Amino acid sequence: FDNPEEGFIDILVMNAAGVMARDMAIIGEGKSDPFAIISMPGLKKKIETEPISDNLNPIWQKKGQFPYVNKGLEAPKLHADVYDDDTVGKGYLGECDIDWSVCLSDPGKWLRQKVFTLEDPKGQLNSKGGVQ
């Protein structure tokens, strides 16, 4: 940040690992065509990755930014939703919240080594895997 009170949060959605297979296969294991949507509460802007076909370990390397104004409040968490891209619509694979407040104390660092576990708060499926 040039100004510690306002600026942008640089985001790099690197990859996911071990996501659930939603597309069943006649021969072999099922696959998914995963993509992620990253959002911040209170903002309409979203960062969306491209779907990676037939892959349970997609590598996205998608960059984006969110505006941020520090008003002395707790930093809002980012939210990641992961879906399976289908011909008609999208299939839910899981979601997670990302606490990036640790980056405010050292703005030049990315959370490169942190894997955020995908969960299903509705309990409708057995989510698995994580997002980095």
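## A walk through an all-strand model

The protein has 8 strands and 0 helices. Read from the N terminus, its elements run β-β-β-β-β-β-β-β. This is a predicted model. The protein holds 132 residues, and 38% of them are buried. Contacts often reach far along the chain. Take those between residues at least 6 apart in sequence: 56% of them join residues at least 24 apart.

Start with the sheet. Strands of a sheet pair through backbone hydrogen bonds, and they do so either parallel or antiparallel. Here, 4 strands form an open sheet in the order S3-S2-S5-S6, and the pairing is antiparallel. Which strands stand at the edges? They are S3, residues 46-48, and S6, residues 90-98. Each of these two has a single partner strand, so one side of each is left without a neighbour in the sheet. From one strand to the next, the twist averages 20°.

Now look at S2. This strand covers residues 34-39, and 3 bridges join it to S3. One pair to find is Ile37, which stands opposite Glu48 in S3. The hairpin of S2 and S3 has 6 residues between the strands. Within that hairpin, Gly42 takes a positive phi near 90°. Turn to the other partner of S2. S2 and S5 run antiparallel, joined by 6 bridges. Here Ala36 has Val82 of S5 as its bridge partner.

How many of the residues of S2 are buried? The count is 6 of the 6, so S2 is largely enclosed by the rest of the structure. Both of its faces are covered. Pro34, Ala36 and Ile38 are buried on one side, and Phe35, Ile37 and Ser39 are buried on the other.

Pro34 deserves a closer look. It lies in strand S2. Its relative accessibility is 0%, so Pro34 counts as buried, a term that means under 20%. Leave out residues up to four places away in sequence, and Pro34 still touches many others, including Val19, Pro51, Trp60, Val82, Asp84 and Leu93. Pro34 and Ser53 are 19 residues apart along the chain, but their C-alpha atoms are separated by 7.1 Å.

Step back one residue to Asp33. It sits in the loop between strand S1, residues 6-17, and S2. Asp33 is buried, yet it has no salt bridge. Where is the nearest side chain of opposite charge to Asp33? It belongs to Lys31, and it is 9.5 Å away. A salt bridge needs the charged atoms within 4 Å. Setting aside neighbours within four places in sequence, Asp33 is in contact with Asp23, Pro51, Ile52, Ser53, Asp54, Tyr83, Asp84 and Asp85.

Follow one of those contacts, Asp84. This residue is in strand S5, which spans residues 78-85. Asp84 is also buried without a salt bridge. Its nearest side chain of opposite charge is that of Arg22, 4.9 Å away. Asp84 does have a polar atom beside the backbone of Asp33. The backbone nitrogen of Asp33 lies 2.6 Å from a polar atom of the Asp84 side chain. Apart from neighbours within four places in sequence, the contacts of Asp84 include Arg22, Asp23, Ser32, Asp33, Pro34 and Phe35. Gly89, Lys90, Gly91 and Leu93 are among them too.

Finally, check two backbone angles. Most residues other than glycine have a negative phi. Asp54 is not a glycine, but its phi is positive, at about 50°. Asp54 lies in the loop between S3 and strand S4, residues 59-69. Is this residue buried or exposed? Asp54 is exposed, with a relative accessible area of 52%. Gln61 is the other case: its phi is positive too, at about 55°, and it is not a glycine. Gln61 is placed in strand S4. With a relative accessible area of 44%, Gln61 is partly exposed.

How values were computed: Residues are numbered from 1 along each chain as its sequence is written. This is a predicted model: local features need pLDDT of at least 70, side-chain atom pairs count only at pLDDT 80 or more; totals for chains, interfaces and linings use all residues. Side-chain values use heavy atoms; hydrogens and water are left out. Two strands pair if DSSP finds at least two bridges between them. Axes are lines fitted to C-alpha atoms, for helices over the stretch in contact, and angles run from 0 to 180 degrees between N-to-C directions. Buried means under 20% relative accessible area, exposed over 50%, partly exposed in between (1.4 Å probe, protein chains only). Lys and Arg count as positive and Asp and Glu as negative; His and the chain ends are not counted. A polar contact is a pair of N or O atoms within 3.5 Å; within protein, one must be able to donate a hydrogen and the other to accept it, and residues adjacent in sequence count only if both atoms are side-chain atoms. Contact means heavy atoms within 4.5 Å.
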